[in-house]
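Student: I have a model open and want to go through one of its pockets. Can we start there?
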Amino acid sequence: MIIMANMRNTKNPMPEQAPCVRNKNFLEVTTGYTPEMAMDEAQRCLNCKHKPCMQGCPVAVRIPEFIAMVAEGNFEAAYEKITETNALPAVCGRVCPQEKQCESKCVRGIKGEPVAIGRLERFVADHHMAHGEDRITVPQKNGKKVAVVGSGPSGLTAAGDLAKMGYEVTIYEAFHTAGGVLMYGIPEFRLPKAIVQTEIEKLKKYGVKIETNTIIGKTLLVDELLEDIGYDAVYIGSGAGLPSFLGIEGEELNGVYSANEFLTRINLMKGYKFPEYDTPIYCGKKVAVFGGGNVAMDAARSAKRLGAENVYIIYRRGKEELPARAEEVAHAEEEGVEFLLLQNPTKFIGGLDGWLTGVEVVDMQLGEPDASGRRRPQAVEGSEHIIEIDTAVVSIGQTPNPLIKKTTKGLDTNTRGCIIADEQGATSKPFVYAGGDVVTGAATVILAMGAGKTAALAIHDKLQNKEIDHD
Ligand SMILES: Cc1cc2nc3c(=O)[nH]c(=O)nc-3n(C[C@H](O)[C@H](O)[C@H](O)COP(=O)(O)OP(=O)(O)OC[C@H]3O[C@@H](n4cnc5c(N)ncnc54)[C@H](O)[C@@H]3O)c2cc1C
């Protein structure tokens with residue numbers, strides 16, 4: 001069927017809950033396209049011969065092909081097409097920074113807005129979950145087995161791809177629930193947890209086993225996986241879960257959290273449903289979140305939903321430099337989060353009872369660009385002032401936990417504690433591969449998935465030649 005391209009210059013808008021309603025609940029903010037909206041948006045795709053959008057996708061989703069199927073109303077075929085290379089489309093459709101990836105390469109973006117590739121991917125995945133049936137062919141086992149450390153997007157992708165190639169794959173996960181940051185970091189209102197679990201259940205149908213409550217480096221060592229349990233290879237996708245702190249006076253006061261703890265209590269432990277769930281979460285009335293990335297936006301928007309009256313994002317650079325996705329910043333602003341830009345905390349202030357009462361901040365101005373290319377913030381002398389707060393959430397970055405490095409012989413890391421791996425994911429230790437945040441430092445879901453995919457192929461290549469290597 002030949003469909004004429006729809007030359008409208010704007011994306012079909014995404015339906016969403018009104019800001020004054022959604023900032024009081026944890027339900028998903030955006031509600032997704034209807035079939036009519038999806039077909040209409042898909043018709044904006046020009047089906048370019050050179051498929052530039054695909055160059056922006058680390059897992060090589062065949063974007064124009066799936067979009068053409070959506071345009072024809074063939075949603076299940078579109079789902080099959082996406083899942084040829086992407087095992088987590090409902091997740092990627094929601095949280096990928098498409099504006100920096102596939103959509104940044106879309107030629108429709110030259111004169112107007114690019115095709116809403118992410119929204120279409122989400123639509124297809126959701127439509128399949130609601131109306132489709134999984135067609136799973138369990139692969140024949142090839143007699144080799146691989147252990148995967150960590151069940152975030154990187155570990156899940158590596159595990160799924162290896163299982164589909166016939167490997168017996170077991171994921172070892174430290175937490176009681178699989179999913180990594182998708183479960184413990186990104187809030188329910190951006191990524192419903194039931195959706196993550198549905199995508200994980202599908203991977204299990206390919207034979208992937210998941211052992212939760214198992215900390216590699218404590219319960220079992222990487223060396224034991226290879227030497228005693230007999231895995232042929234190990235893929236480490238353990239993420240960057242160690243929070244960085246400001247290192248200023250008063251950071252030990254009650255009421256000061258790392259974003260990691262704050263969000264884990266809310267998401268993984270369902271703190272916002274306390275006492276129905278047994279993990280409490282303290283959130284006061286005046287909350288300051290320090291940092292300007294996606295994690296900071298998630299913490300600030302969560303605080304608002306927990307009933308805080310004033311929620312501030314305190315960030316030492318300007319709005320232009322905020323590293324969070326533009327959509328997340330806009331959503332936070334609409335929900336009433338206040339941005340105190342060009343300000344930096346110098347000390348936390350507490351009462352005699354040991355609880356936080358305020359923070360001293362200093363005004364900043366931007367100087368010359370630093371190594372990251374962003375203009376370096378410099379304190380304005382004598383501009384110190386105090387902001388009254390009762391809760392602080394520090395969200396200035398995360399690095400890999402050093403446990404695996406410390407307990408594994410011959411595994412090299414860099415000065416930031418990230419495992420050193422080549423482009424294929426091979427580390428300094430034979431038969432040990434790594435990828436995702438544990439290699440790059442905190443990055444994105446899709447880059448972690450891309451690394452898992454590349455390493456799965458590299459492991460396959462290596463293990464096919466294993467006997468030869470040992471000769
Ligand atoms: C709050 C928040 C919001 C974010 N928002 C976005 C977004 O909107 N879009 C986006 O693209 N990216 C976002 N990111 C970043 C993205 O989630 C990460 O880049 C991605 O999850 C990294 O995947 P990973 O598989 O490498 O690691 P993770 O997702 O961190 O998974 C690692 C897993 O390994 C487990 N583990 C760690 N150590 C061990 C061990 N010793 N033994 C066993 N298991 C272990 C951990 O418990 C965890 O489950 C966000 C991150 C955070 C924290």
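Student: By class, what residues make up the lining of the second largest pocket?
Tutor: This is a predicted model. The lining of the second largest pocket has 14 charged residues, six nonpolar and five polar.

Student: What volume does the second largest pocket have?
Tutor: About 490 Å³.

Student: Which residues lie nearest its centre?
Tutor: Gln98, Arg119, Arg325, Glu327 and His331, out of 25 that line the second largest pocket.

Student: Which helices each supply at least two residues of that lining?
Tutor: H6 (89–95), H8 (117–131) and H15 (326–334). H15 gives the most, with four residues.

Student: And where does the pocket lie relative to the domains?
Tutor: Between domain 1 (19–131) and domain 3 (245–396), because both give residues to the lining of the second largest pocket.

Student: New topic: Glu103. Where is Glu103?
Tutor: Glu103 lies in the loop between H6 and helix H7, which covers 108–111.

Student: Is Glu103 buried or exposed?
Tutor: Glu103 is buried: its relative accessible area is 7%, and buried means under 20%.

Student: What does its side chain make a polar contact with?
Tutor: The side chain of Glu103 makes a polar contact with the side chain of Lys11, at 2.7 Å.

Student: What else is Glu103 in contact with, leaving aside neighbours within four places in sequence?
Tutor: Besides Lys11, Glu103 is in contact with Gln98, Pro114, Val115, Ala116, Ile117 and Gly118. Gln98 also came up earlier, as one of the residues nearest the centre of the second largest pocket.

Conventions: Residues numbered from 1 in each chain as written. Predicted model: local features only at pLDDT ≥ 70, side-chain atom pairs only at ≥ 80, totals over all residues. Heavy atoms only, no water. 1 Å grid on protein atoms, 1.4 Å probe; cavity = no way out; pocket = protein on both sides within 12 Å on 5 of 7 lines; lining within 4 Å. Points joined across faces, edges and corners; volume = space filled by probe spheres on them. Nonpolar A, V, L, I, M, F, W, Y, C, P; charged D, E, K, R; others polar. Domains from an automatic or database assignment. Buried < 20%, exposed > 50% of the residue type's maximum accessible area, 1.4 Å probe, protein only. Polar contact = N/O pair within 3.5 Å; in protein donor to acceptor, adjacent residues only side chain to side chain. Contact = heavy atoms within 4.5 Å.
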